[in-house]
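Welcome! Here are a few exercises to work through with the sequence and the structure side by side. Try each task before you read its solution.

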Amino acid sequence: MITAEAVIDLAALRTNFDYLAGQQPLSQMVAVIKGNAYGHGSVAVAQALKGKATCFAVARLEEARVLRINGIDAPIMLLEGCFSQEETHEAAAMKLEPVVQNDQQIEWLSHVDAATPMQLWLKIDTGMHRLGFAPEQIASRHQLLSSFACVVDPVGFVSHLSQADEIDSNQTDYQLAIFKDTTEALGGPRSLANSAALLTRPDIQFERSRPGIALYGSSPMAGRTGVDEGLIPVMTLRSKLIAVREHQQGEPVGYGAIWHSKSDTKIGVVAMGYGDGYPRTMPSGTPIWINGRTVPLVGRVSMDMLTVDLGAESADKVGDEVVLWGPQNPVEKIAAQVGTIGYELLIQLTERVKRTYINY
Ligand SMILES: *Cc1c(COP(=O)(O)O)cnc(C)c1O
């Protein structure tokens, strides 16, 4: 019996892509598939978007290598750029489009010859203060890069928004103004929007947008779900009941005896635990979907199992399907139970969870 399983709906992925592309008709959508496509499987996602996404983005060279080995030949942006001279040569050979975010990376690029032309993206620090050049450094770095043998003209510009998920913040306006001021006189393609900007800021439309989480049907906006945004959750994390037990009032369940039943009930044991990436810190009361309703998680999540209170009158039986998150049970709400965001739960699923692809 297959228990812990992530069912990935590729038709939902494509519908989300089309919806996002419709939000920004003037921009090329770069499908962000770093982190193994946020846990969904980067090769399968790239293949499913064939004919739609004309460019992909990953964080690190090894992630791009996996895509190339598996026959993905579309342009790939390397969001943090290269981390050594060797990687710089390999990125050129793989026809990647590296971001350039520090002077060391520029020095490595000076040693790449004209035989392997590269589209580069100069990163401007408009306020995230994590990677990139200060606005006043951009003109000189741009001039230097443009003089290199390998560099395809014109060089592009990228920046990243730090608070686009907070609708009331004015940080996005501030960053947008700096981005425009810094790039306007230099020319070249530009890219600023992440999922949050794509969903809420139709005014941020440059040559390329970079949606990640929204492609997977999850909302980046605080307090909202993918369904609220008109998206379809792509992943359903499901498993099975492996035991149903009569449980008496006052008895504890699981490690540490952190929960005791207030009445006689039935406890369902689900094959899903922190060994699958379902957080051990998930509190009692977290909703878990089974047979058309939600029931509360009770007791401590263990490595391979968790327990739910099915209720005294329940008719659920061994083998019944349980949904930990998915369209019926939004991952954003589950994540909020442990003070995190859907991104983290999706990406931390372990190898043990079987990935099943539907609707190719
Ligand atoms: C991860 C990432 C994105 C995508 O962000 P989402 O919030 O998932 O849309 C875009 N740009 C950069 C530079 C990133 O690192």
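**Exercise 1.** In this predicted model, find which residues Ser-314 touches, leaving out those up to four places away in sequence. Then work out whether Ser-314 is buried or exposed.

*Solution.* Start with the contacts: Ser-314 touches Lys-266 and Arg-293, when residues up to four places away in sequence are not counted. Next, locate Ser-314 in the loop between strand 14 (306-309) and strand 15 (321-325). Now look at its side chain, which reaches the backbone oxygen of Gly-311 at 2.9 Å. Finally, take the relative accessible area of Ser-314, which is 10%. Buried means under 20%, so Ser-314 is buried.

**Exercise 2.** Decide how Met-305 should be classed: buried, partly exposed or exposed. Which residues form a nonpolar patch on the surface with Met-305?

*Solution.* First, find Met-305 in the loop between strand 13 (293-298) and strand 14. Its relative accessibility is 35%. That value lies between the cut-offs of 20% and 50%, so Met-305 counts as partly exposed. Its patch partners are Met-1 and Ile-242, and together the three residues have about 300 Å² of accessible area.

**Exercise 3.** Find how many residues the largest nonpolar core has, and which helix gives the most to this core.

*Solution.* The largest nonpolar core has 102 residues. Helix 1 (residues 10-23) gives the most to this core, with five residues. Among the residues with the most contacts inside the core are Leu-13, Phe-56 and Leu-306. To see one of these up close, select Leu-306: its contacts include Val-269, Tyr-278, Ile-288 and Leu-324.

Methods:
Residues numbered from 1 in each chain as written. Predicted model: local features only at pLDDT ≥ 70, side-chain atom pairs only at ≥ 80, totals over all residues. Heavy atoms only, no water. Core = buried A, V, L, I, M, F, W, Y, C linked by side-chain atoms within 4.5 Å. Buried < 20%, exposed > 50% of the residue type's maximum accessible area, 1.4 Å probe, protein only. Helix = DSSP H or I, 4+ residues; strand = E, 2+ residues; numbered from the N terminus. Contact = heavy atoms within 4.5 Å. Polar contact = N/O pair within 3.5 Å; in protein donor to acceptor, adjacent residues only side chain to side chain. Patch = residues over 30% accessible without salt bridge, like charges linked within 9 Å, V, L, I, M, F, W, Y side chains within 5 Å. Areas by Shrake-Rupley, 256 points an atom, 1.4 Å probe, with all protein chains shown as cover. Salt bridge = Lys/Arg side-chain N within 4 Å of Asp/Glu carboxyl O.
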